[in-house]
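Here are my notes for anyone opening this one for the first time. Keep the viewer beside you and work through the points in order.

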Amino acid sequence: MKIVVMSDNHGDRQIIEQIINKYEGKVDAIVHCGDSELKADDPLVSKLQIVMGNMDFEHFPESRALRIDQKNILITHGHLQNVNSGLLTLELFAQSHSADIVTFGHTHQLGVSFDKGILFVNPGSISYPRGRYASIGGTYASIITDNHDYLIQFFDRQLTPVPELKFRFSSSQ
C-alpha cells in the first residue's frame, strides 16, 4: 500500500494540483486532511480522499475510513479531536474505528508516532507550516506498507523528499 497525505493548504490550489499530477495513478489514495478551502465542485476534489477542516465551508465528511491492503485508514482533520491539546482523544477515536493508520492535520506541524498498534501521521501544512520544521516551507507525507513495516517519508513543496524526515515502524510492535 502507498498513500500520499496532505493537509492545510488553505486555498493554495496550485500545490494540490501539483501533488495530484505527480501521484495520480501511482498510489492507492491521495488523502487530504482538511482545510483545503476547495469548492465541492472543484475537479480536484474527485481525485482526493478529503475531509472537512475547521476552515472549510463546503460539505465534506468530518472523517473518512478507507481499507487498503488489509489496513484500516482513518482520515480526519483533528480539530474535533482537540489535537492541539494532545492525541488522547484522537487515539480513542481511532480505537473506536479499529484504525491501523490515522491521518490528521489542523496543527500545521508535521509529526509521526506509533502507539498501541496505531500509526499517527500529521503531514504538516503544505502551505502554512508551523513548529520545528516550518523553515522547510510546507510538507506532505507518503505512507508505504512494506511487509510488516510502515515507511513514512515527508516531502517539501518542491515534491522532494526531506532526507532527515524518513521513519520506519514495525506494525507488529
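1. Start at the hairpin of β4 and β5, where two residues sit between the strands and Asp69 takes a positive phi near 50°. Bear in mind as you look that this is a predicted model. The two strands of the hairpin run antiparallel, with six bridges joining β4 to β5. If you want to check the register by eye, Leu66 has Ile73 of β5 as its bridge partner, and Ala65 is matched in β5 with Leu74.

2. Now zoom out to the sheet that holds this hairpin. Which order do its strands take? Five strands line up as β4-β5-β6-β8-β7, giving an open sheet with mixed pairing. At the edges you'll find β4 (63-68) and β7 (111-115), each of which pairs on one side only. Ignoring direction, neighbouring strands in this sheet are turned by 15° against each other on average. Helix α2 packs on the sheet and touches β4, β5, β6 (101-103), β7 and β8 (118-122). The direction of α2 makes about 125° with that of β8.

3. Just ahead of that helix, have a look at Gly86, which belongs to the loop between β5 (71-76) and α2 (88-96). Is Gly86 buried, exposed or partly exposed? Its relative accessible area is 29%, so Gly86 falls in the partly exposed class, given that buried means under 20% and exposed means over 50%. For a sense of scale, pick His148 as well: the C-alpha atoms of Gly86 and His148 are 27 Å apart in space, with their positions 62 residues apart in sequence.

4. There is another sheet to look at. Here six strands form an open sheet, again with mixed pairing, in the order β3-β2-β1-β9-β10-β11. The edge strands are β3 (49-50) and β11 (161-170), and each of them pairs on one side only. Helix α1 (residues 13-23) packs on this sheet, touching β1, β2, β9 (139-146) and β10 (149-156). Compare directions and you'll see that α1 makes about 175° with β1.

5. Within that sheet, β1 and β2 are worth a separate look. Strand β1 (residues 2-6) and strand β2 (residues 29-32) run parallel and are joined by four bridges. One pairing to click on is Val5, whose bridge partner in β2 is Val31.

6. Next, the aromatic rings. The structure holds six aromatic pairs. One of them is Tyr23 with Tyr140, an edge-to-face pair at 5.9 Å centre to centre and 75° between the planes. Because Tyr23 lies in helix α1 and Tyr140 in strand β9, this pair ties together parts that are 117 residues apart in sequence. Tyr23 also pairs edge-to-face with Phe155, at 6.4 Å centre to centre and 75° between the planes. That second contact links distant parts of the chain too, with Tyr23 in helix α1 and Phe155 in strand β10, 132 residues apart.

7. Taken together, Tyr23, Tyr140 and Phe155 are linked by ring pairs into a cluster. How accessible are its members? Tyr23 has a relative accessible area of 5%, so it is buried. Phe155, at 8%, counts as buried as well, and Tyr140 is buried too.

8. Don't skip the start of the chain. Met1 sits in the segment before β1, and at 10% relative accessibility Met1 counts as buried. What does Met1 touch? Leaving out residues up to four places away in sequence, Met1 touches Asp28, Ile68, Asp69, Ile73, Ile101, Ile143, Ile144 and Thr145. Among those contacts is Asp69, the residue with the positive phi in the β4 and β5 hairpin. By contrast, Met1 and Ser85 are 31 Å apart in space, C-alpha to C-alpha, and 84 residues apart in sequence.

9. Last, empty space. How many cavities of 30 Å³ or more are there? The count comes to one, and the largest cavity has a volume of about 30 Å³. To find the spot, select the lining residues: His108, Gln109, Leu110, Gly124, Ser125, Pro129, Arg130, Tyr133 and Thr139.

Definitions and conventions. Residues are numbered from 1 along each chain as its sequence is written. This is a predicted model: local features need pLDDT of at least 70, side-chain atom pairs count only at pLDDT 80 or more; totals for chains, interfaces and linings use all residues. Side-chain values use heavy atoms; hydrogens and water are left out. Two strands pair if DSSP finds at least two bridges between them. Contact means heavy atoms within 4.5 Å. Axes are lines fitted to C-alpha atoms, for helices over the stretch in contact, and angles run from 0 to 180 degrees between N-to-C directions. Rings of Phe, Tyr and Trp (its six-membered ring) pair if their centres lie within 6.5 Å; planes under 30 degrees apart count as stacked, over 60 as edge-to-face and the rest as tilted. Buried means under 20% relative accessible area, exposed over 50%, partly exposed in between (1.4 Å probe, protein chains only). On a 1 Å grid over the protein atoms alone, a cavity is a set of points where a 1.4 Å probe fits but cannot get out, and a pocket is an open set with protein on both sides within 12 Å along at least five of seven lines; lining residues have an atom within 4 Å of a point. Grid points are joined across faces, edges and corners, and a volume is the space filled by probe spheres set on the points.
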